[in-house]
Amino acid sequence: MRALYNLTTKIAERALPLAGRFNEKLKLFTEGRKSVFSVLEAKINTKEEYLWFHAASLGEFEQALPIIEEIKKEYPKYKILITFFSPSGYENKKNHPLADVITYLPLDTRKNAKRFLDLVRPKIAFFIKYEIWPNFMAELKKRKIKSLLISGAFRENQIYFKPYGGFMRKALQTFDHFFVQNETSIALLKNIGLNNTTLSGDTRFDRVSRQIQYDNKLEFAEDFIDEQTCLVAGSTWPEDEELLIPFINETSEKIKVIIAPHEINEEKINTLEKKLKKKSIRYSNRKNKELEGYDILILDTIGLLGKIYSYANIAYVGGAAGTTGLHNILEPATFGIPVIIGENYKKFPEAVKLRQLAGLYVVADSNDFSNITSKLITDGSFREKTGMIAGHFINSNTGATRSVMNYLRSLPDFAKVS
């Protein structure tokens, strides 16, 4: 199996540049990796010690951030290296101030793993949620470099737990410790002989809970909302917008709507605008405009959604109306507001749990969306109760970062750091 995996990876390494000629994301994926080793050679200071964090994309990066922030406070001697697998993660966060070096992760070949670790020599490697690369893991184990899985979430249908999954189980066995989100993950790992686990929860709860402490003031949002009820639809895809648009166009309720598309794509935003019957404006066109005169604000920029949720009375979170994957429901929930999502959410335990608690509502079509949204607008006590459940859900699930930091403090090298 390992020979087949390595052969497949080598074929992909050669084929992806060709595929990148026809796909912009694949082009970024391959072009970005061409400079990884030259960047590391230029930026890695061999006199310093590095902690390596690897995240697949933006969501996993957000899970890593609370730990990085605490490490920077408590162990300032260590430098931080962050690698990304996807272009959406790297391109959005390549200049993040908390990291000393940020690159793509090279493809998982034995040659790349050896060269990468020769250059970086990390003190500890942190992999976030589900990023498990067999050749990198084997090389870390060979060099006796500790590796930790943070906010891990396992499911029974994953290859690790199948009769034919021996090769990937060996990759799991290289981890020094697993910090996982739920009891199911603990049980699944135990069934394959892995007991080096801690039920820590998800560091995203720690991340979003801190958002309330920040300055979330946005004057343009206040001008636009003008003290009316506000619906924020975050990280939407066209499938999500099909649920939203009939209600937005037809409702007689006094409500302001902010739509933040997941992809800032000119063609898709043009299509969205054409479907909207009420008066809309893009964030990029807001200057010198009387924003209170518009019904819909399209957020055609990145980096503001976390703050925008603080102005919402109701939130719709995209991704689950189609098959792209549900986006972060915890960001709006931390502000104590009701959350609405599409029906493809079963792989997201936080959504399953929050629905069970009645702090989140699932809609299958535009009628469902219209019905629940109308009720949330018109019934203030219902809206307030639902939002309180969402806020309490966040507050009662923080603490994952503390679990990881306690583990680090137990290590001799970290205990000695002042």
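**A tour of salt bridges and an annotated glutamate**

Begin by selecting Lys-275 and Glu-242, whose side chains form a salt bridge with an N to O distance of 2.6 Å. Colouring by secondary structure shows that this pair ties together distant parts of the chain, since Lys-275 belongs to helix H13 (residues 266-275) whereas Glu-242 belongs to helix H12 (residues 238-250), 33 residues apart. With a surface displayed, Lys-275 is partly exposed at a relative accessible area of 36%, and Glu-242 is likewise partly exposed, at 42%. Keep in mind throughout that this is a predicted model.

Next, select Glu-49 and Lys-77, where another salt bridge is found, the closest N and O atoms lying 2.8 Å apart. This pair, too, links distant parts of the chain: Glu-49 sits in the loop between helix H3 (36-43) and strand S1 (50-55), and Lys-77 in the loop between H4 and strand S2 (79-84), 28 residues apart. Glu-49 counts as partly exposed, with a relative accessibility of 28%, and Lys-77 also counts as partly exposed, with 42%.

From there, move to helix H4 and pick Lys-73 and Glu-70, whose side chains meet in a salt bridge at 3.6 Å, N to O. Because these two residues are 3 residues apart in helix H4, about one helical turn separates them. Lys-73 is exposed, its relative accessible area being 62%.

Now widen the selection to Glu-62, Glu-69, Glu-70, Lys-73, Arg-207 and Arg-210, which are linked in a network of salt bridges; the pair of Lys-73 and Glu-70 just visited belongs to this group. For the broader context, a search of the whole structure gives 22 salt bridges.

Finally, select Glu-60, which is found in helix H4 (residues 58-74). The UniProt record, an unreviewed entry, places the feature "active site" at this residue, Glu-60. Is Glu-60 buried or exposed? Its relative accessible area is 8%, and because buried means under 20%, Glu-60 is classed as buried. To see what surrounds Glu-60, display Ala-55, Ile-128, Lys-129 and Tyr-130, which are the residues in contact with Glu-60 once its neighbours within four places in sequence are left aside. One further atom pair deserves a distance label in the viewer: the side chain of Glu-60 reaches the backbone nitrogen of Ser-57 at 2.9 Å.

Definitions and conventions. Residues are numbered from 1 along each chain as its sequence is written. This is a predicted model: local features need pLDDT of at least 70, side-chain atom pairs count only at pLDDT 80 or more; totals for chains, interfaces and linings use all residues. Side-chain values use heavy atoms; hydrogens and water are left out. UniProt positions are given in the numbering used here, feature names are shortened, and annotations may be inferred rather than shown by experiment. Helices (H or I, at least four residues) and strands (E, at least two) are DSSP runs, numbered from the N terminus. Buried means under 20% relative accessible area, exposed over 50%, partly exposed in between (1.4 Å probe, protein chains only). Contact means heavy atoms within 4.5 Å. A polar contact is a pair of N or O atoms within 3.5 Å; within protein, one must be able to donate a hydrogen and the other to accept it, and residues adjacent in sequence count only if both atoms are side-chain atoms. A salt bridge is a side-chain nitrogen of Lys or Arg within 4 Å of a carboxyl oxygen of Asp or Glu.
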